[in-house]
Amino acid sequence: MRRWGLVLAAVLAVVICAFSWAPRWTPSRAEYPMQGIDVSAHQGPIDWTKLKTQGVDFAYIKASEGGDFRDKGFHGNWLASGRAGIRHGAYHFFTLCKPGAEQAANFLAAVPNESDALPPTVDLEFLGNCRRTDMMTPDQFQQQLNVFLDAVEHRTGKPTILYLNREFDDAYRVSKTFDRPLWLRRIILEPKFGARTWTIWQASNFRHLDGIQGRVDWNVARLT
């Protein structure tokens, strides 16, 4: 019984250390010098003036979703991040039951056309998306994403970054079909999927920062 008590105490100590360590963890700054966050209205009010001193070099901010949804926090976050001297870019959550042209129009209407902004990003994942019965086939998806990318890149003049997790990439063959920079999600461990090396890696979804209530996604980037 004493032995099991010691084992249980050791396990409990490891769990407590992990919970204490995880909110502060980031990949190595020496290896990945450019690091930042992605946010939406779900984070609530953000005090952007506090973030730069905590290592936030850039921020991707949700602008829109589908054909008509606009993130209510986008405008304020866009202006405040710029004033704080944090490089920013906008992202759109692509839904699998709306035409690509409609989604591109929604995104472009929401986002200021700033020449020095980071490249636009399209978020491609199943979470929170359309009902399975309404979703596009892979061929339909590729056609509609092409329409979206053409419209967005015509306006911005920059290749759009594709945010992916392994499940979506496997199902829709995105990275093999579209020759665009990749933003790949894999928590703690560097992602090994995708048809080419990542440009952005989402490494954590449990970072805690002074100025943001609750958790926030943490990323490293190879951006110029």
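Start by selecting Ile188: this residue is partly exposed, with a relative accessible area of 35% (buried means under 20% relative accessible area, exposed over 50%, and partly exposed in between, using a 1.4 Å probe and protein chains only). You'll find Ile188 in the loop between β7 (182-185) and β8 (200-207). Strands here are DSSP runs of E with at least two residues, helices are runs of H or I with at least four, and both are numbered from the N terminus. Check the backbone of Ile188 too: phi is positive, about 70°, although the residue is not a glycine.

Before moving on, some housekeeping. This is a predicted model, where local features need pLDDT of at least 70 and side-chain atom pairs count only at pLDDT 80 or more, while totals for chains, interfaces and linings use all residues. Residues are numbered from 1 along each chain as its sequence is written, and side-chain values use heavy atoms, with hydrogens and water left out.

**Zoom out**

Show the whole chain as a cartoon. You should be able to pick out six helices and nine strands. The C-alpha trace spans about 65 × 40 × 30 Å along its principal axes. The radius of gyration is 19 Å, which agrees with the value near 17 Å for a compact globule of 224 residues; it is taken over C-alpha atoms, and the globule rule is 2.2 Å times the number of residues to the power 0.38.

Colour by burial next, and 50% of the 224 residues come up as buried. For contacts (heavy atoms within 4.5 Å), take those with a separation of 6 or more: 64% of them join residues 24 or more positions apart.

**Helix α4**

Now select residues 138-156, which is helix α4. What distance separates its end C-alpha atoms? They are 26 Å apart, which agrees with the 27 Å that 19 residues should span at 1.5 Å a residue (the expected span is 1.5 Å times one less than the number of residues).

Show side chains for the buried residues of α4, among them Phe141, Leu145, Phe148, Leu149, Val152 and Glu153. The buried residues of this helix pack against β4 (87-93), α3 (100-110), β5 (121-124), β6 (161-164), α5 (166-172) and α6 (174-177). Just after α4 comes Gly157, with a positive phi near 75°.

**Thr160 and Arg180**

Step along to Thr160, in the loop between α4 and β6. Is Thr160 buried or exposed? Buried, with a relative accessible area of 1%. Setting aside neighbours within four places in sequence, Thr160 is in contact with Pro120, Thr121, Val122, Leu149, Val152, Glu153, Arg180 and Pro181.

Follow that list to Arg180, which sits in the loop between α6 and β7. Arg180 is buried as well, with a relative accessible area of 16%. Not counting residues up to four places away in sequence, Arg180 touches Leu149, Glu153, Pro159, Thr160, Leu162 and Arg196. For a distance to try in your viewer, go from the C-alpha of Arg180 to that of Asp217: the two are 37 residues apart along the chain and separated by 22 Å.

**Last stop: Arg173**

Finish at Arg173, in the loop between α5 and α6. Its phi is near 50°, a positive value in a residue other than glycine. Arg173 is partly exposed, with a relative accessible area of 39%.
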